Amino acid sequence: TKNDSVLKALEDVKDYPSFSPKMRFILTKIYTKFQYGDSIENAFLEVAPEVPSEDFYKAALTIAHDKQLGANLSLSLNQIATNTADESLRKKNAKSLLATGVTTGKIMSVAPYAILIYLFAANGSYFDDYFASIQNQITFAGIMMFMSTGVFVVQKISRAEIK
């Protein structure tokens, strides 16, 4: 938009095939409002409540404020696009790191049970002392409960979402 109008920029981007149909519809709606005499800031602000995106609403407010202050709208739109793309990339990286940690946690949660099953299968008499008396059985049950609580906590944490 450095050498052209905002209307031309909207005309260029409203039909990008990489945008979702919903995004193309929203941009077309803004384009139509702006083309038929509405100001760019009003066009964005009127469409913003229809878009379930906090970023879009922030962009609409930024456009309105920059227009009132007389700032270069082209630079503002470029900065908004850059900030939105950077934030999206940061969220994807955070989700990727979280997924790695969650996978490791799940594997580590199951590992003790796999080891116990292997030991039972390989040498069942190894655990005879653990089941010889009631006190040992209670202790063994307590250890198993503690392990199960750990698995539950890991599962609960792994359901956390990055917003």
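This briefing covers one pocket and one helix pair. The structure is a predicted model. The pocket is the second largest one, with a volume of about 180 Å³. The helix pair is α2 and α3, whose axes come within 9 Å.

**The second largest pocket**

- Residues D55, K58, A59, T62, D66, S76, Q79, I80, N83, T84 and E87 form the lining of this pocket.
- Two elements, α4 (54-69) and α5 (73-122), each give two or more residues to that lining.
- The biggest share comes from α5, which supplies six residues.
- By class, the lining has five polar, four charged and two nonpolar residues.

**How α2 and α3 are arranged**

- Helix α2 spans residues 21-35 and helix α3 spans residues 40-47.
- Their axes cross at roughly 140°.
- Angles over 145 degrees would count as roughly antiparallel, and 65 to 115 as roughly perpendicular; α2 and α3 are therefore oblique to each other.
- The crossing of α2 and α3 is right-handed.

**Where α2 and α3 meet**

- On the α2 side, the contact is made by I26, K29, I30, K33 and F34.
- On the α3 side, the residues are I40, A43, F44, E46 and V47.
- Seven residues in this contact are nonpolar and three are charged, while no polar residue takes part.

Note on methods. Residues are numbered from 1 along each chain as its sequence is written. This is a predicted model: local features need pLDDT of at least 70, side-chain atom pairs count only at pLDDT 80 or more; totals for chains, interfaces and linings use all residues. Side-chain values use heavy atoms; hydrogens and water are left out. On a 1 Å grid over the protein atoms alone, a cavity is a set of points where a 1.4 Å probe fits but cannot get out, and a pocket is an open set with protein on both sides within 12 Å along at least five of seven lines; lining residues have an atom within 4 Å of a point. Grid points are joined across faces, edges and corners, and a volume is the space filled by probe spheres set on the points. Helices (H or I, at least four residues) and strands (E, at least two) are DSSP runs, numbered from the N terminus. Ala, Val, Leu, Ile, Met, Phe, Trp, Tyr, Cys and Pro count as nonpolar, Asp, Glu, Lys and Arg as charged, and the others, Gly among them, as polar. Axes are lines fitted to C-alpha atoms, for helices over the stretch in contact, and angles run from 0 to 180 degrees between N-to-C directions. Angles under 35 degrees count as roughly parallel, over 145 as roughly antiparallel, 65 to 115 as roughly perpendicular and the rest as oblique. A crossing is left-handed if the near helix is turned anticlockwise from the far one by less than a right angle, and right-handed if clockwise. Contact means heavy atoms within 4.5 Å.
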